[in-house]
Amino acid sequence: MIRHVVIFKTKEDAPLLEFKKRIENLKNFIPEIKHIEVGVDIRYDKNPSDFCVITEVESLKELDIYAKHPKHLEVIEFIKPYVIERRVVDYNV
């Protein structure tokens with residue numbers, strides 16, 4: 001199992017709840033997704049990122065399918081104009 005974690009810092013006007021809805025909806029279109037969740041920061045830390053995406057797939061091959069899926073690319077295009085910084089960690093579970 002591969003866990004794919006992406007952390008974003010966004011512009012102030014970013015529609016974070018809409019991001020959450022669209023990203024979590026990907027599980028309805030991409031069968032390789034075993035689990036997906038979006039966490040929107042609660043502003044506890046004084047230097048936070050704004051949201052994170054945690055996705056689990058079975059293998060690197062499935063991660064590649066997810067990454068290139070047209071529905072995933074559509075969501076990326078919606079989010080991209082708001083992104084200031086993006087960090088990724090992929091690891092075996």
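This is a friendly conversation about how some features of a predicted model get their names.

Reader: Let's begin with the strands. What makes β1 and β3 a pair?

Author: Two strands pair if there are at least two bridges between them. Seven bridges join β1, residues 2-10, to β3, residues 51-57, so the two strands pair. They run antiparallel. One of the matches is Ile2 in β1 with Val57 in β3.

Reader: How do you know that β1 also pairs with β4?

Author: The same reasoning works here. Nine bridges link β1 to β4, residues 83-92, again in the antiparallel sense. At least two are needed, so β1 and β4 count as paired. Across this pairing, Ile7 stands opposite Arg87.

Reader: Now the rings. Why are Phe19 and Phe51 called an aromatic pair, and why a tilted one?

Author: There are five aromatic pairs in the structure, and Phe19 with Phe51 is among them, at 5.4 Å centre to centre and 50° between the planes. Ring centres within 6.5 Å make a pair, so 5.4 Å qualifies. Planes under 30 degrees apart would be stacked and over 60 edge-to-face, so 50° falls in the tilted class. The pair links distant parts of the chain, since Phe19 is in helix α1 and Phe51 in strand β3, 32 residues apart. Both also belong to one aromatic cluster with Phe8, Phe78 and Tyr82.

Reader: Why is Phe19 called buried?

Author: Buried means under 20% relative accessible area. Phe19 has 0%, so the word fits. Phe51 is buried too, because its value is 2%.

Reader: Which residues have the most contacts inside the largest nonpolar core?

Author: They are Phe19, Ile23, Phe51, Val53 and Tyr66, in a core of 19 residues. Elements giving two or more residues to this core include β1, α1 and α3. As for Val53, its contacts beyond four places in sequence include Val5, Phe8, Ile23 and Ile36.

Reader: What makes one side of α1 the buried face?

Author: The buried residues of α1 are Leu16, Phe19, Ile23 and Glu24. Seen down the helix axis, they fall within an arc of 110°, so they line one face. Leu17 and Lys21, on the other side, are exposed. Among the elements covering the buried residues are β1, β2, β3 and α3.

Reader: How do you know that the charged end of Arg22 is close enough to sit over the ring of Phe78?

Author: The distance has to be within 6 Å of the ring centre. For Arg22 and Phe78 it is 3.7 Å, and the charged end is indeed found over the ring. Lys71 does likewise over the ring of Phe29, at 4.6 Å from its centre.

Reader: Asp50 is in a loop. Is it buried or exposed?

Author: Asp50, in the loop between β2 and β3, is buried, because 6% relative accessibility is under the 20% limit. Its contacts beyond four places in sequence include Phe8, Lys9, Leu16 and Arg43.

Reader: And what makes Ile84 exposed?

Author: Exposed means over 50%, and Ile84 has a relative accessible area of 56%, so it passes that cut-off. Ile84 is in strand β4. Leaving aside residues up to four places away in sequence, Ile84 touches Lys9, Thr10 and Lys11. Its C-alpha atom is 16 Å from that of Val53, 31 residues away along the chain.

Key: Residues numbered from 1 in each chain as written. Predicted model: local features only at pLDDT ≥ 70, side-chain atom pairs only at ≥ 80, totals over all residues. Heavy atoms only, no water. Helix = DSSP H or I, 4+ residues; strand = E, 2+ residues; numbered from the N terminus. Phe/Tyr/Trp six-rings, centres within 6.5 Å; stacked < 30°, edge-to-face > 60°. Buried < 20%, exposed > 50% of the residue type's maximum accessible area, 1.4 Å probe, protein only. Lys NZ or Arg CZ within 6 Å of the ring centre and 35° of its normal. Core = buried A, V, L, I, M, F, W, Y, C linked by side-chain atoms within 4.5 Å. Contact = heavy atoms within 4.5 Å. Arc of directions from axis to C-beta.
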